[in-house]
Amino acid sequence: MFFMDIFCHPLWAALSALLALVVRLQRRAIWDPQACSVRLRGKTAIVTGANTGIGKFIALDLARRGARVILACRSESRGTAALNEIKQTTGNADVHLRIVDLSSMESVREFAKRILEEEKALHILVNNAAVSGLPRQMTKDGFEASFATNHLGPFLLTNLLLDLIRRSAPARIVTVSSLNHKRGKVDFSHFHGDNLVYSMDQVYNHTKLHNIICTNELARRLQGTGVTANSVHPGVVMTEVMRHYPFWLRYPFNLIGFFFFKSPEEGAVSPIYCAVSEELEGVTGKYFDSDCSLVLPAPLARDPALAVKDFEFCEKLTAKL
Ligand SMILES: *[C@@H]1O[C@H](CO)[C@@H](O)[C@H](O)[C@H]1NC(C)=O
């Protein structure tokens, strides 16, 4: 009874709000992009999913540093809105929109073909785009949609652009994964939609694990080329990744999130760190957390034999499409 009274008291509510506020104010990334003086004039960068959330802030930062930035987006209208906003805010006119649907291997190939025709170099590739909470659906390639969008599409895209990236070295490939990968599992039948449990973010968690595994194998293959490949956890960020969840779930999430989660701008900090910071020159095959610290990913993401197997499996899956 006593406890009930205490917890229902307005003072308790005020205290918890205050606590939440303190937590919010304390949360600051260690690395400050504003204080990083790296300039990117003469460099070309691609950011996938750059029309919203973290991706938009990554693209904004790269544009601010003077890079030629290509926003790889699925929606023409949303992409154009971001394009105009980024051009206006940064005063950089060398920002461009190219359409790609990462869930379709045909679309990825068309996008890559155009990039290879139009671009003389590619110094930074940020694989940021991802979906979460999709119901079970299959793509026309026969893949489970979240796996196609979050892993196979970015995987194929990176491989198709790899020669251009190698020729542009020093260059960086950054894969936005998630801490959630720790709860992910590797089951090759997942790619075809089998043995998947569509509860909450389960499928998302699996795809984020594959992101790190294949990025590590890519890094190994790229040793000595001047091209680095790293994975990063942006933090628990309020983005539209939640847009497929029902309202009743989204609403409390957003409410709590306002206090405890990062804004998309804060979430962009660790990916930007991986893409531009001087101290990561030559650092490859690593995983960084949202505070820009080098940390160990889950054991499954550190198994070199599994990495070879996964990479080759994904190569085979995407080869003929
Ligand atoms: C996905 O990962 C997150 C973070 O580790 C975890 O809280 C969540 O329960 C996982 N989802 C499932 C369905 O395992």
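This passage describes selected local features of a predicted model, from one helix and a surface patch to backbone geometry and contacts between distant parts of the chain.

Helix H4 covers residues 76–90 and therefore has 15 residues. From its first C-alpha to its last, H4 reaches 21 Å, close to the 21 Å expected at 1.5 Å a residue. The buried residues of this helix are Gly79, Ala82, Leu83 and Ile86. When H4 is viewed down its axis, these buried residues fall within an arc of 105°, so they line one face of the helix. The elements that the buried residues pack against are helix H3 (53–64), strand S2 (68–73) and strand S3 (95–99). On the other side of H4, Ser77 and Gln88 are exposed. Just after the helix comes Gly91, which takes a positive phi of about 75°.

A nonpolar patch was identified on the surface. Leu11, Leu15 and Leu18 make up this patch, which has an area of about 310 Å². Leu18 belongs to helix H2, residues 10–26. The relative accessible area of Leu18 is 52%, and residues over 50% count as exposed, so Leu18 is placed in that class.

The next features concern the backbone. Most residues other than glycine have a negative phi, and most peptide bonds are trans. Against this background, three sites in loops can be described. At the first site, the peptide bond from Ala169 to Pro170 is cis, with omega near 0°. Pro170 is found in the loop between helix H6 (145–167) and strand S5 (171–176).

The second site is Asn195, a residue other than glycine whose phi is positive, near 60°. Asn195 lies in the loop that runs between S5 and helix H7 (202–221). With a relative accessibility of 57%, Asn195 counts as exposed. The third site is Cys292, which is not a glycine but has a positive phi of about 65°. The loop that holds Cys292 is the one between strand S7 (287–288) and strand S8 (294–295). The relative accessibility of Cys292 is 9%, and residues under 20% count as buried, so Cys292 is assigned to the buried class. Asn195 is thus exposed, whereas Cys292 is buried.

Two threonine residues were examined for their contacts. Thr215 is found in helix H7 and counts as buried, at 6% relative accessibility. When neighbours within four places in sequence are left aside, Thr215 is in contact with Thr175, Ala229, Asn230 and Ser231.

Thr284 is located in a loop, between helix H10 (269–276) and S7. At 14% relative accessibility, Thr284 also counts as buried. The residues in contact with Thr284, again leaving aside neighbours within four places in sequence, are Ala219, Gln223, Val227, Thr228, Ala229 and Asn230. Ala229 and Asn230 therefore appear in the contact lists of both Thr215 and Thr284. A distance was also computed between Thr284 and Leu218, which are 66 residues apart along the chain. The C-alpha atoms of this pair are separated by 9.5 Å.

How values were computed:
Residues are numbered from 1 along each chain as its sequence is written. This is a predicted model: local features need pLDDT of at least 70, side-chain atom pairs count only at pLDDT 80 or more; totals for chains, interfaces and linings use all residues. Side-chain values use heavy atoms; hydrogens and water are left out. Helices (H or I, at least four residues) and strands (E, at least two) are DSSP runs, numbered from the N terminus. The expected span of a helix is 1.5 Å times one less than its number of residues. Buried means under 20% relative accessible area, exposed over 50%, partly exposed in between (1.4 Å probe, protein chains only). The arc is that of the directions from the helix axis to the C-beta atoms. Contact means heavy atoms within 4.5 Å. Patches are made of residues with over 30% relative accessible area and no salt bridge: like charges are joined within 9 Å, nonpolar side chains (Val, Leu, Ile, Met, Phe, Trp, Tyr) within 5 Å. Accessible areas come from the Shrake-Rupley method with a 1.4 Å probe; for residues, only the protein chains shown count as cover. A salt bridge is a side-chain nitrogen of Lys or Arg within 4 Å of a carboxyl oxygen of Asp or Glu.
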